[in-house]
Amino acid sequence: MLYLNEKLIQESFLRLRQIEKGGKKGLERTSALMCFLAFDAFLKRTSINPPIDLDPETANGKTNRDILTREFVRLVQLKNGSEPYHVLNLGEIAIGGSLPDNRFSANFLTVPLKAATTSATVYDYPSRPKNPLLVLGLKATGIKWGIDRHRDWKANLPVFLQGRKTKAPFHDLACFVLRQRGFLSSAITLQDGITDGLAEIFTSELCSFWRTQLSLEKVYFGEFENPFQDTVPVSFLDCSWMGDIQPVNETVTFVSRVSYLEGLLRMHNIPFEK
Amino acid sequence: MPKPNFLLEKPEPILRTRLYNGRPLNVLEGRAKISEIKGWADNPRIDLAKRRFQQAVGARILQQDELYDLMKNDPEVKLAGLRDDIMKNGLREPITLSFNGTLLDGNRRFFAVRFILDTLPLTDPNRQDYETINAYVLMDNATPEDEQRVLVEENFSPSLKIEWPDYVKASHVVRAHEAGVDVIDIAKKFKWPASKVRETVRINQIVNDFLVYATAPEDQNDELGGGLGLTEQEAETIAAKNYQFFNEAQKSFFDPLQTDLEFKANFFRWMKEEKFSSFPEVRIAYKAWKDPEAKSIIAGNDPTAAKDAKSTLDYNARIVRSGAEAAGRIDAFVKFLRDMKAGEIKSLPVQARDSLKEALILIEKMSKAASSD
């Protein structure tokens with residue numbers, strides 16, 4: 001069993017940060033990208049041909065939802081525990097806040113997927129940017145709670161990695177995806193190892209596309225000595241290597257924000273407590 | 001008031017206050033001895049020529065005579081033209097020196113005067129006119145920031161003299177950006193609009209990618225991977241020469257260069273192959289890439305490939321204005337199909353075969369519609 005080098009995973013993760021901080025763009029794009037990857041991992045795991053039915057009222061649909069949610073959580077969750085570490089925006093770590101499975105349910109299953117069931121037109125996901133990765137609903141998939149890949153997903157996928165510090169986004173994304181996964185490979189080069197690792201998680205269509213991107217990108221990636229190790233990497237156990245971009249505790253941030261707003265109300269004598 | 005030794009006592013140097021990049025600086029104005037002035041070895045204008053030279057002789061500090069030879073032989077510097085102009089019209093603008101005699105502005109003028117002295121016989125009575133030169137000299141308490149202000153004022157402000165090439169100016173702006181200086185502050189420092197600074201940063205991003213790709217070794221085992229296998233020197237020369245073409249790329253297809261890596265690799269290859277001879281040809285590069293017909297043309301070996309691809313795109317974009325023109329185009333297409341050889345048909349890519357099938361369905365529908373009239 002082969003694992004990616006811990007240091008490589010950490011360096012890759014830092015390169016995935018946005019060039020310009022702030023704004024919702026990074027969050028939205030990470031969320032959509034992870035949904036797409038989770039969907040593809042679902043297809044690989046279940047060997048079901050798309051479109052997939054995610055009807056919450058049927059046993060089959062419920063099972064599909066559970067598997068899809070698990071794939072999503074596996075992609076974004078970095079560390080378990082009472083306050084898990086997870087990724088809302090690539091290159092940054094969040095602690096606490098809404099848990100990944102709840103987030104997937106609220107951001108995907110409950111809102112766009114449900115909206116698509118009554119849509120009279122083809123429902124593209126995400127709606128922003130105008131480069132969808134998935135299609136949802138009856139009009140697009142022939143199934144009311146259906147989900148499928150968008151026909152232009154190959155051209156659109158790189159857009160979701162734009163605006164980040166990395167010069168080789170598919171290398172760094174692959175390192176992120178493979179951060180805790182062991183894979184069978186006799187590869188010598190990083191690109192071959194990554195390709196073997198991805199093939200265990202994703203469909204041949206996505207892997208073939210990813211392999212092309214790795215080839216085209218490799219001149220920008222540079223050399224990394226000893227890209228593999230034979231023990232499970234624990235890149236996110238201690239995050240001191242992240243320097244001044246330490247994990248943000250969403251719960252603490254939220255609580256302090258509420259306290260601040262309550263203070264403002266009190267200062268201006270505006271009643272708010274019953 | 002301390003005076004540097006290279007300034008003549010007579011006429012007596014005058015203390016003046018001059019504005020450099022918005023800040024007043026004290027300078028001495030007087031006549032400086034040419035023989036004691038040090039040419040600016042780090043002049044970015046001759047950076048490429050200097051590196052070429054250092055590659056040949058080894059990385060060492062250049063002597064003044066070697067610097068002079070570089071300036072004289074670099075066609076971009078146009079030293080002979082300036083020499084002739086000074087001999088005819090005299091020198092109108094003083095040069096600017098640091099207190100230790102290093103040139104901050106006027107490198108070309110200084111070396112042009114040296115060129116004159118080289119040209120004139122020792123017995124020529126006019127020689128003494130050129131042995132000294134009008135100069136502003138910064139005071140001995142001037143800081144490195146003051147010297148930087150002189151550089152910006154004299155090389156970034158538009159004037160009649162030859163400014164630094166765009167590539168050189170951009171490298172200063174980019175250096176400041178990489179050091180974390182805010183775009184607005186860079187704009188103030190170099191007296192450029194903030195939008196131009198942002199553009200420069202984007203151009204630099206493309207140029208940097210080009211340099212990485214161009215200097216990466218070719219990979220015969222991977223048709224998609226590998227670079228162009230150029231030396232750093234060769235790659236930088238192409239980048240400097242084509243800086244404005246990279247600017248055009250930044251304006252026309254910056255996003256596709258970030259997301260379509262196959263296009264990016266091909267665009268860089270076309271740049272190396274000198275396929276582009278004008279801005280409109282660069283402008284259509286991505287459109288050509290997305291258009292199967294234009295793509296095959298621009299990817300060809302013809303020296304006018306980009307021009308031909310542009311003509312094809314222009315022609316195809318024209319609206320068919322008459323039935324006769326439509327009929328003409330259909331005839332040409334049918335003739336093209338008839339002329340295709342079996343081998344050519346066999347080697348058609350899947351996409352082309354699918355397009356033909358699609359066309360067949362369309363033709364049947366059109367034919368039915370036409371015959372029902």
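A:Ser47 lies in the loop between helix 2 and strand 2 of chain A. Helices (H or I, at least four residues) and strands (E, at least two) are DSSP runs, numbered from the N terminus. Residues count from 1 along each chain as its sequence is written, and chains are lettered from A and ligands numbered from 1 in the order in which they are written. The model is predicted: local features need pLDDT of at least 70 and side-chain atom pairs pLDDT 80 or more, while totals for chains, interfaces and linings use all residues.

**Exercise 1. Backbone exceptions**

State the sign of phi at A:Ser47, and find where the cis peptide bonds ending at A:Pro51 and B:Pro11 lie.

Solution.
1. Most residues other than glycine have a negative phi, and most peptide bonds are trans.
2. A:Ser47 is not glycine, yet its phi is positive, near 60 degrees.
3. The bond from A:Pro50 to A:Pro51 is cis, with omega near 5 degrees. A:Pro51 is in the loop between helix 2 (25-46) and strand 2 of chain A, and A:Ser47 is placed in the loop between these two elements.
4. In chain B, the bond from B:Lys10 to B:Pro11 is cis, with omega near -5 degrees. B:Pro11 belongs to the segment before strand 1 of chain B.

**Exercise 2. Sheets of chain A**

Give the strand order of the open sheet that contains strand 2 of chain A, then that of the one that contains strand 3 of chain A.

Solution.
1. Two strands pair if DSSP finds at least two bridges between them.
2. One open sheet has four strands in the order 2-8-7-6, with antiparallel pairing. Its edges are strand 2 (52-53) and strand 6 (123-125) of chain A, each paired on one side only.
3. Inside this sheet, three bridges join strand 7 (residues 134-136) and strand 8 (residues 146-149) of chain A in the antiparallel sense. A:Val135 faces A:Asp148 in strand 8 of chain A.
4. The other open sheet runs 3-4-5-10, with mixed pairing. Here the edge strands are strand 3 (77-79) and strand 10 (248-249) of chain A.
5. Strand 3 pairs antiparallel with strand 4 (residues 85-86) of chain A over two bridges, and A:Lys79 has A:Tyr85 as its bridge partner.

**Exercise 3. Strand 2 of chain B**

Which strands pair with strand 2 of chain B?

Solution.
1. Strand 1 (residues 14-20) of chain B runs antiparallel to strand 2 (residues 23-33) of chain B, with seven bridges. B:Leu19 has B:Pro24 as its bridge partner.
2. Strands 1 and 2 of chain B form a hairpin with two residues between them, and B:Asn21 in the turn has a positive phi of about 50 degrees.
3. Strand 2 of chain B is also joined by seven bridges to strand 5 (residues 132-138) of chain B, again antiparallel. B:Ala32 is partnered with B:Ile133 in strand 5 of chain B.

**Exercise 4. A helix pair in chain B**

Classify the packing of helix 9 and helix 11 of chain B and list the residues that meet.

Solution.
1. Axes are lines fitted to C-alpha atoms, for helices over the stretch in contact, and angles run from 0 to 180 degrees between N-to-C directions.
2. For helix 9 (residues 194-215) and helix 11 (residues 243-259) of chain B, the angle is about 75 degrees and the axes are 9 Å apart.
3. Under 35 degrees is roughly parallel, over 145 roughly antiparallel, 65 to 115 roughly perpendicular, and the rest oblique. Helices 9 and 11 of chain B are therefore roughly perpendicular.
4. Residues are in contact if their C-beta atoms, placed from the backbone, lie within 7 Å. Helix 9 of chain B supplies B:Glu199, B:Arg202, B:Ile203, B:Ile206 and B:Val207, which meet residues of helix 11 of chain B including B:Phe246, B:Gln250, B:Phe254 and B:Leu257.
5. This contact holds seven nonpolar, two polar and two charged residues (Ala, Val, Leu, Ile, Met, Phe, Trp, Tyr, Cys and Pro are nonpolar, Asp, Glu, Lys and Arg charged, the others, Gly among them, polar).

**Exercise 5. The chain contact**

How many residues does each chain give to the contact between chain B and chain A?

Solution.
1. Chain B gives 14 residues and chain A gives eleven.
2. On the chain B side, helix 9, helix 11 and helix 12 (261-272) each give two or more residues.
3. That side divides into six nonpolar, five polar and three charged residues.

Terms used. Two residues are in contact if their C-beta atoms, placed from the backbone, lie within 7 Å.
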